[in-house]
Amino acid sequence: LLADLEADARVRADDRGHVFHSWSAQALIDPLPVAGGEGSTFWDYAGNAYLDFSSQLVNLNLGHQHPDLVRAIQQQAGRLATIQPSMANDVRGELARRIAQVAGDGFEKVFFTNGGADANENAVRMARLFTGRRKIMSMYRSYHGNTSTAISLTGDPRRWPNEPADGSIVHFHGPYPYRSSFHSDSPEQETARALEHLEQTIVLEGAGTIAGILIETIVGTNGVLVPPPGYLAGVRELCDKYGIVYIADEVMVGFGRVGEWFAFQAFGVQPDLITFAKGVNSGYVPLGGVVISDRIASHFDTLSFPGGLTYSGHPLACAAGVATLEVFERDGILERVRDLGARVVEPRLRAIAERHPSVGDVRGLGLFWAIELVKDRETREQLVPFNASGVDAAPVAAVAAACKRDGVWPFTHFNRLHVAPPLVITEDELERGLDVIDRALSVADEHVAR
Ligand code: PLP
């Protein structure tokens, strides 16, 4: 790679001078100027390439500059670059039909949004209108987006500065076998106790006041928390018992991340509403939406749905979405994710956990894994505290820096490193990235209590 330091300085100056960044103290950040990308790799202007083990924000499922997606967008731009949502459009209709088909029986309709947060906003609105109730339940340790209702639903520190939250939202504890809120010592016990807690919360809040339970099928940013066997089936049962709408937030895990079209399909359950975004078109053009079960969709057959967006079902975004589904089917993406996850990632991470005393737990599915770092395996004291920043976060920041020096861009959050590469990553690239993580974890080992 050739360095272009003039371009580097120019991009940096415009960014630092004028771009106001998300979730940041503006003077304390140093965004990397990115010159380009291809597949699972992107590069800067200084001549450094990075293997992306984070798929950007866990959305770049088909990698950078996938020729099929680029071509679909170019062709659509040449044909009809935009059309408003109240008109019928060929690619919008085709994408809705294909998404409903992969969602399975009982789903025919899709409401398109611009991303994940507004998908959750609209799913909540549907649940409220359908049930005539107001409250929504969501988990602590969750992220659902940055609009008003979605940030209120969120169960992590990103909600705090945005409070007072919407008063109609109730948080509960989900299952987390490694750090159980319920003092359980097996996945079976965790499932039983987490469901008992959920039912008690429903009853105490007043079952007749609760419109929906909105949960990530596998909690994403907050830890790749794979639900223990039976948990989601139990949530489904409680929803049926109390007339509550089950909303599955599949924004991060939908479209192949765990080797299924939607992650709930790995757990044998069926939600009432499915929210998606990110992987639906790898974020090439912003797109999200709600897949609506027939029962809820028919509620709006004669009752007007009071919601819409100027860019709902944008043709450029939908063209990239149709191309995405075609690539998934043609290239067997779901099968390859299941294979690489089970055959390469899982055994490598288990071996890494054996070797490094700083690794307390590894868990995941498909190409979606977390490495949870601790100071002490016995007490499970976190390597850095919950909500760590600045010096508190330094040990994990040092691991991330070691990965970057070795050409891998990792995803870190509090005391965890996540492994979430593009689904098109080659086996060699995957092995190389895991080698780098393996070496970088020696930095974490230095902080382990002896
Ligand atoms: N839901 C989940 C599970 C997410 O991970 C995210 C984004 O990271 C969102 C919702 C919000 O999506 P968006 O940023 O597209 O609004």
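The protein on the screen divides into two domains: domain 1 takes residues 5-65 and 332-445, and domain 2 takes residues 68-330. Keep in mind that this is a predicted model. The centres of domain 1 and domain 2, taken over C-alpha atoms, are 25 Å apart. Domain 1 puts 29 residues into the contact, and domain 2 puts in 28 residues.

Which elements give two or more residues to the side of domain 1 that touches domain 2? Two are helices, α2 (55-58) and α11 (333-355), and the others are the strands β11 (359-365), β12 (368-376) and β16 (416-419). By class, that side of domain 1 has 12 nonpolar, 11 polar and 6 charged residues.

Now the overall dimensions. The C-alpha trace spans about 60 × 60 × 45 Å along the principal axes of the protein. For 450 residues, a compact globule would be expected to have a radius of gyration near 22 Å, and the protein agrees, because its own value is 22 Å. In secondary structure, the count is 13 helices and 16 strands.

I will go through two sheets, starting with the one of 7 strands. This sheet is open, its pairing is mixed, and the order is β4-β10-β9-β8-β7-β5-β6. Why do β4 and β6 each have one side without a neighbour in the sheet? β4 (107-113) and β6 (169-172) are the edge strands and have a single partner strand each, so the other side of each stays unpaired in the sheet. From one strand to the next, the twist averages 20°.

Inside that order, take β8 and β9. Strand β8 (residues 245-249) runs parallel to strand β9 (residues 273-276), and 3 bridges join them. If you want a pair of residues to look for, A248 is opposite I274 in β9.

Helix α5 packs against this sheet. α5 lies across β4, β5 (135-139), β7 (210-216), β8, β9 and β10 (288-293). Relative to β10, α5 runs at about 25°.

α5 also brings us to the ligand. Which helix gives the most to the shell around the ligand? That is α5, residues 116-131, with 3 residues. There are 16 residues around the ligand, and the ones that come nearest are G115, G116, A117, G145 and V251. Sorted by class, the shell holds 6 nonpolar, 8 polar and 2 charged residues.

The other sheet is an open one of 4 strands, in the order β1-β2-β3-β14, again with mixed pairing. At its edges are β1 (34-38) and β14 (408-409), each paired on one side only.

As a reminder, strands of a sheet pair through backbone hydrogen bonds, either parallel or antiparallel. β3 takes part in both kinds here: antiparallel with β2 and parallel with β14.

First, β2 with β3. Strand β2 (residues 41-44) pairs with β3 over 3 bridges, and W43 is opposite A49 in β3. β2 and β3 make a hairpin, with 4 residues between them. In the turn, G47 has a positive phi of about 95°.

Then β3 with β14. Strand β3 (residues 49-52) shares 2 bridges with β14. L51 has V408 of β14 as its bridge partner, while D52 stands opposite W409 in β14.

To close, back to the two halves: domain 1 and domain 2, with the contact taking 29 residues from domain 1 and 28 residues from domain 2.

Notes: Residues are numbered from 1 along each chain as its sequence is written. This is a predicted model: local features need pLDDT of at least 70, side-chain atom pairs count only at pLDDT 80 or more; totals for chains, interfaces and linings use all residues. A residue is near a molecule or strand if its C-beta atom, placed from the backbone, lies within 6 Å of it. Ala, Val, Leu, Ile, Met, Phe, Trp, Tyr, Cys and Pro count as nonpolar, Asp, Glu, Lys and Arg as charged, and the others, Gly among them, as polar. Two strands pair if DSSP finds at least two bridges between them. Axes are lines fitted to C-alpha atoms, for helices over the stretch in contact, and angles run from 0 to 180 degrees between N-to-C directions. Two residues are in contact if their C-beta atoms, placed from the backbone, lie within 7 Å. Domain bounds come from an automatic or database domain assignment. The radius of gyration is taken over C-alpha atoms; the globule rule is 2.2 Å times the number of residues to the power 0.38.
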